[in-house]
Each structure stands twice: as C-alpha cells, then as structure tokens.
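Colleague: Could you take me through one part of this model in detail? I'd like to hear about the charged side chains and who they pair with, plus whatever aromatic contacts help fill in the picture.

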Amino acid sequence: MKLPAITLVAESYRTVFHRPWRLIMAMIPPLLFIVAIDVALLPWRDLPVWVGAVSPVVDIIPYLFFGLIWFRLLLGGPYDGTLPWPLFGPRSLAFFAIALLLYLLFSLPAAVVAVPLLVALLEGLRTGAHSLLSPFFLAHILLPICLLAWGYLLGRFSLLLPAAAIDDALSWRSAWRASSGNGLRLIGAYLLAILPIILLLAVVAIFALAHNHWGGSGARSGRGREFVFLQSAAIELAISVLRLSMVALLATIAAEAYRRLPGGMAAQNQVRLRSE
C-alpha cells in the first residue's frame with residue numbers, strides 16, 4: 001500500500017488544529033514540565049560541562065511526554081474530552097525507550113558525522129584551504145546522502161512510536177516490513193508538515209536575536225527588568241508551543257500511517273483518528 005503523502009499532511013493539520021482546545025489541554029502538562037526543567041536547571045547554567053551534555057536529553061523529555069499524550073488521544077478510542085491517564089507506569093516505558101533510541105539514532109550520527117562535515121565545508125569555503133574532500137562533494141553529495149539515509153531510517157521505524165503508545169508489541173522488523181515502500185513518502189510527509197512550523201520558529205528566532213534575547217546588550221539597556229523578563233518568557237513560550245505543535249503534526253502522520261498500513265493497526269482493527 002502506497003501512502004498519499006500530501007493527503008497525510010493535510011489530514012494532520014486538520015486533526016491537530018480542528019479542535020484547538022484539545023491541543024491546548026494536551027500541551028499544558030508538557031509546558032509545566034518545561035517550566036519545571038528551566039527552573040531546576042537555572043542554578044546550573046555556568047556549572048560543569050556534563051550539564052550541557054545531559055541537557056539535550058533532559059530537554060527532549062517533555063516533548064516525548066507530549067507525544068505519548070497525543071498518540072493516545074488519537075488512537076486510544078473515542079475522545080471524551082479528558083487526557084488519557086495514566087501516562088506513567090511500566091507500559092509507558094517502552095514508548096519512552098523507543099522514542100529515545102530513535103532520537104539518538106538521528107542526533108548521534110548528526111553530531112558525529114554531519115556537523116563535522118558541515119564545519120569542514122564552511123571552514124574550507126572561508127579559508128580556501130584544500131581538504132581531502134572537495135566542498136562540492138561535501139555540500140552536494142555526502143551531506144545530503146547522510147541526511148537522507150538517516151531520515152529514511154527514521155521514517156521506516158517511526159511506526160514503532162504509535163504502536164508503543166497504545167501497548168502494541170510491534171517489533172522493529174515488523175515496523176520495517178509494514179513501512180516497506182513508504183520510507184521516502186513518510187519522510188517527505190514529515191518534512192512537508194513541519195516546514196511551516198520551522199518558518200515560524202525562524203521568525204521567532206529573528207525577533208529574539210533582534211531584541212538580544214540570547215545575549216547581547218538588550219538585558220543591560222534602560223528597559224525595566226520586568227519587561228525583559230516578560231518578553232523572554234513570551235519568546236520561550238512561543239518556541240515551546242511551536243515545537244509541541246510540530247510534535248503533534250509528526251505524531252499525527254505517524255499515527256495515521258500506523259492505522260493505514262498492513263502490519264500496523266490495520267492488521268488488528270480499524271480505529272479512525274479522533275479528528276471528529
């Protein structure tokens with residue numbers, strides 16, 4: 001079965017934003033989690049390097065938490081206006097473990113291979129120095145191939161997440177077989193869905209940089225500390241909400257693919273996504 005990528009994207013936007021109160025309600029627990037993490041890490045900002053190494057994994061936890069909420073809202077049966085409790089417990093550990101593995105599957109190769117390649121490319125272009133690999137090869141062949149390969153793997157294995165969220169014992173081999181022939185369609189749908197959110201995040205980032213939110217002289221200007229604090233809080237809230245919206249879109253596409261594809265939920269039952 002071939003998944004219709006454009007249809008998946010359109011349906012994901014309809015499902016996510018058709019009932020905004022459901023989205024807002026689902027965002028409240030992870031937003032509180034994000035605030036708690038920021039407050040807890042506040043005294044550690046200038047302390048050892050290991051804090052900076054651990055913080056990316058810590059920062060991803062509320063978004064995984066939200067993903068679990070959203071998957072269960074979509075696939076857990078008729079929507080009754082409440083959150084799908086309980087959210088913690090032994091049966092939720094599989095979801096968090098698989099989500100962290102997929103996160104590391106992408107982030108570790110990117111950190112070890114893609115980022116050094118990009119740095120080498122930029123440094124070579126800046127200095128004009130010769131390297132073992134030409135800038136053209138790095139920019140137009142090796143780096144895109146690496147990113148495409150990692151994205152393809154994530155697309156093929158993304159069915160594991162909705163399955164784990166509803167306690168379906170879908171194996172890695174079964175997920176690979178179920179997504180056969182749809183790896184590029186899935187990664188294309190994911191990228192197309194998050195593109196508008198990425199553009200909005202870029203706008204927020206430009207605004208933040210223009211107002212020296214991430215350093216600079218803005219905090220030392222004549223503006224009152226209260227205004228600077230409120231502005232910073234609003235920027236961080238906007239970024240968190242946009243990231244959570246991105247997670248909701250990605251999770252909705254994965255849930256719909258899991259529902260449709262043979263070997264996923266289609267092999268067991270025919271539960272519609274809760275977009276009604």
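Modeller: Sure, and keep in mind that this is a predicted model. Let's start with E256 and R260, whose side chains meet in a salt bridge with N and O 2.5 Å apart. Why can these two reach each other along the helix? They are four residues apart in helix α9, so about one helical turn separates them. Both E256 and R260 are buried. For R260 the relative accessibility is 18%, which counts as buried because the cut-off is under 20%. E256 has a relative accessible area of just 3%.

E256 has another partner too. R259 forms a salt bridge with E256, at 2.7 Å from N to O. That pair also sits within helix α9, three residues apart, again about one turn of the helix. R259 is buried as well, with a relative accessible area of 7%.

Now follow R260 the other way. Helix α9 covers residues 225-260, and R260 lies in it. Its side chain makes a polar contact of 3.1 Å with the side chain of E11, and E11 and R260 also form a salt bridge, with the closest N and O atoms 3.1 Å apart. This pair links distant parts of the chain: E11 is in helix α1 and R260 in helix α9, 249 residues apart. E11 is partly exposed, at 28% relative accessibility, whereas R260 counts as buried at 18%. K2 tells a similar story about distance along the chain: R260 and K2 are 258 residues apart in sequence, but their C-alpha atoms are 9.8 Å apart in space.

How many salt bridges turn up in the whole structure? A search finds three. As for how they fit together, E256 and R260 meet in one of them, and salt bridges with shared partners join E11, E256, R259 and R260 into one network.

On to the rings. Searching the whole structure gives eight aromatic pairs. One of them is Y13 with F17, a tilted pair with centres 5.8 Å apart and 35° between the planes. Y13 and F17 both belong to helix α1 (residues 5-17), where they are four residues apart, about one turn of the helix. Are they buried or exposed? Y13 is partly exposed, with a relative accessible area of 24%, and F17 is partly exposed too, with 35%.

Another pair is Y152 with W176, and this one is edge-to-face: 6.1 Å centre to centre, with 85° between the planes. Y152 lies in helix α5 (residues 135-157) and W176 in helix α7 (residues 172-178), so the pair ties together parts that are 24 residues apart in sequence. Y152 counts as partly exposed at 28% relative accessibility, and W176 is partly exposed with a relative accessible area of 31%. These two also belong to a cluster, in which ring pairs link Y152, F157, W172 and W176.

There's a charge on the aromatic side as well: the charged end of R156 sits over the ring of W176, 3.7 Å from the ring's centre.

Key: Residues are numbered from 1 along each chain as its sequence is written. This is a predicted model: local features need pLDDT of at least 70, side-chain atom pairs count only at pLDDT 80 or more; totals for chains, interfaces and linings use all residues. Side-chain values use heavy atoms; hydrogens and water are left out. Rings of Phe, Tyr and Trp (its six-membered ring) pair if their centres lie within 6.5 Å; planes under 30 degrees apart count as stacked, over 60 as edge-to-face and the rest as tilted. Buried means under 20% relative accessible area, exposed over 50%, partly exposed in between (1.4 Å probe, protein chains only). A charge sits over a ring if NZ of Lys or CZ of Arg is within 6 Å of the ring centre and within 35 degrees of the ring normal. A polar contact is a pair of N or O atoms within 3.5 Å; within protein, one must be able to donate a hydrogen and the other to accept it, and residues adjacent in sequence count only if both atoms are side-chain atoms. A salt bridge is a side-chain nitrogen of Lys or Arg within 4 Å of a carboxyl oxygen of Asp or Glu.
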